[in-house]
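Visitor: I have a structure to read and do not know where to begin. Could you take me through its features one at a time?

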Amino acid sequence: MRLALLLAAAINAAMRTATPSVAPVGPLAGPAVSKAKRLVIVDAGHGGPDNGMHGPIGGKFKILEKDITLSVSKRLAHTLEERGMDVVMTRTTDTLIALSDRGRIANQRKGDLFISIHVNAANPGWKDPGGARGFETYFLAEAKTEDAKRVAQMENDVVRFETSNGPAPSDDALGFILNDMAQNEHLRESSDLAELIQERLGKFHPGPSRGVKQAGFRVLVTAYMPAVLVEIGFGTNPAEAAYINSAAGQEKISNAVADAAVAYLARYERRRGSAGAGATATVARKQ
Ligand SMILES: [Zn+2]
């Protein structure tokens, strides 16, 4: 855990020297956020020995989820910086970060938002697995459908690559956090953000919107902030795999997610401003 945090700090320091923040020129294109800079944690799913999904089914080329998530996350980070946000990435290279450490990095850096990027895979048992397409955004809560459970199990599966450097959150811990008042506050916020992301992606994405869903993602459990996980498309479908693997597709997807984050933060600021100082008392964490 400590090593991972040090690593994250080192990565972040390296990132800041390697890719200096781009100061916004003139007024921001999206809705204005408050003067205090907001920090978005961008989490590229998988990495290192954990390739994530691979695809497509029957395609003449091969993609690995970990490569796509890193590329889209880097573009997302860059766009957010252009929009005046601070950004911390949980990884900037092909390396494995434990699911629980991704949330810890987010908390330690005091992120305002946590966005995890992933690629979906069809269940081989489906009637036409290669035909499944579309994008969906998750927030942390108990899975409501078998399909949401499938995606959570797939994304949680990385724990088998992780060396034991601390107890993984048990299902009891998940239950506790879901019942936690502060986290419930974040559930509503996370669901709002997820809606905005789906709406923005729906404007151009060639696949169908599969909607906002909820499931018990371990990567979201430990992040004490509004947190979402975006499945940007099905890497098992040849056309969609090609799209999410293309520079143009990745640019559009990362811009849409950045737009949603900026719009969400602006809306959040307005709500907080109109609710007055008393509103902050409701997010006091239950002991
Ligand atoms: Zn994934």
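Guide: Begin with charged pairs. Side chains of opposite charge can pair when their charged atoms come close. In this predicted model, Asp-192 and Arg-271 form a salt bridge, with the closest N and O atoms 3.5 Å apart. The two belong to distant parts of the chain: Asp-192 sits in helix α6 and Arg-271 in helix α9, 79 residues apart.

Visitor: Are Asp-192 and Arg-271 buried or exposed?

Guide: Neither word fits. Asp-192 counts as partly exposed, at 23% relative accessibility. Arg-271 is also partly exposed, with a relative accessible area of 34%.

Visitor: How many salt bridges does the structure hold?

Guide: There are 18. Another of them joins Arg-75 to Glu-251, whose closest N and O atoms are 2.7 Å apart. Arg-75 is in helix α2 and Glu-251 in helix α9, so this pair links parts of the chain 176 residues apart. Arg-75 is partly exposed at 24% relative accessibility, and Glu-251 is partly exposed at 32%.

Visitor: Which residue forms a salt bridge with Lys-66?

Guide: Asp-94 does, at 3.1 Å between the closest N and O atoms. Asp-94 lies in the loop between β4 and α3, while Lys-66 lies in helix α2, so the pair ties together parts that are 28 residues apart in sequence. The partners have unlike surroundings: Lys-66 is buried, with a relative accessible area of 8%, whereas Asp-94 is partly exposed at 46%.

Visitor: Now the metal. Which residues coordinate the zinc ion?

Guide: To read a metal site, list the atoms that hold the ion, then find where their residues lie. Here the zinc ion is coordinated by His-46 through NE2, Glu-65 through OE, His-118 through ND1, and Glu-155 through two OE entries, at 2.0 to 2.4 Å. Along the chain these donors follow the spacing H-x18-E-x52-H-x36-E. Glu-65 lies in helix α2 and Glu-155 in helix α4, so the pair ties together parts that are 90 residues apart in sequence.

Visitor: Are Glu-65 and Glu-155 buried or exposed?

Guide: Both are buried. His-46 is buried as well, with a relative accessible area of 5%.

Visitor: How do I read the backbone angles?

Guide: Look for exceptions. Most residues other than glycine have a negative phi, and most peptide bonds are trans. His-46, one of the zinc-coordinating residues, has a positive phi of about 65 degrees although it is not a glycine. His-46 is placed in the loop between β1 and β2. Lys-110 also has a positive phi, of about 55 degrees, and lies in the loop between α3 and β5. Lys-110 counts as exposed, at 67% relative accessibility.

Visitor: Which peptide bond is cis?

Guide: The one from Gly-55 to Pro-56 is cis, with omega near -10 degrees. Pro-56 is found in the loop between β2 and β3.

Visitor: Next, the interior. How many residues does the largest nonpolar core have?

Guide: To read a core, ask how many residues it has and which elements supply them. The largest nonpolar core here has 41 residues, and those with the most contacts inside it are Leu-80, Ile-115 and Ile-232. Elements that each supply at least two residues include β1, α2, β5, α6 and β8. The largest share, 10 residues, comes from α9.

Visitor: Which residues does Leu-80 touch?

Guide: Leaving out residues up to four places away in sequence, Leu-80 touches Val-40, Val-42, Met-85, Val-87, Ala-258 and Ala-261. Apart from this core lies another, of 23 residues, among them Ala-152, Val-158, Phe-217 and Ala-227.

Visitor: Finally, the chain as a whole. How many helices and strands does it have?

Guide: The chain has 9 helices and 8 strands. Of its 287 residues, 52% count as buried. Among contacts with a separation of 6 or more, 84% are between residues 24 or more positions apart. The accessible surface comes to about 12900 Å², and 56% of that belongs to carbon and sulfur atoms.

Notes: Residues are numbered from 1 along each chain as its sequence is written. This is a predicted model: local features need pLDDT of at least 70, side-chain atom pairs count only at pLDDT 80 or more; totals for chains, interfaces and linings use all residues. Side-chain values use heavy atoms; hydrogens and water are left out. A nonpolar core is a set of buried Ala, Val, Leu, Ile, Met, Phe, Trp, Tyr and Cys residues joined through side-chain atoms within 4.5 Å. Buried means under 20% relative accessible area, exposed over 50%, partly exposed in between (1.4 Å probe, protein chains only). Helices (H or I, at least four residues) and strands (E, at least two) are DSSP runs, numbered from the N terminus. Contact means heavy atoms within 4.5 Å. A salt bridge is a side-chain nitrogen of Lys or Arg within 4 Å of a carboxyl oxygen of Asp or Glu. Donors are N, O and S atoms within 2.8 Å of the metal (3.2 Å for Na, K and Ca); water is not among the atoms, so sites may look incomplete. Accessible areas come from the Shrake-Rupley method with a 1.4 Å probe; for residues, only the protein chains shown count as cover.
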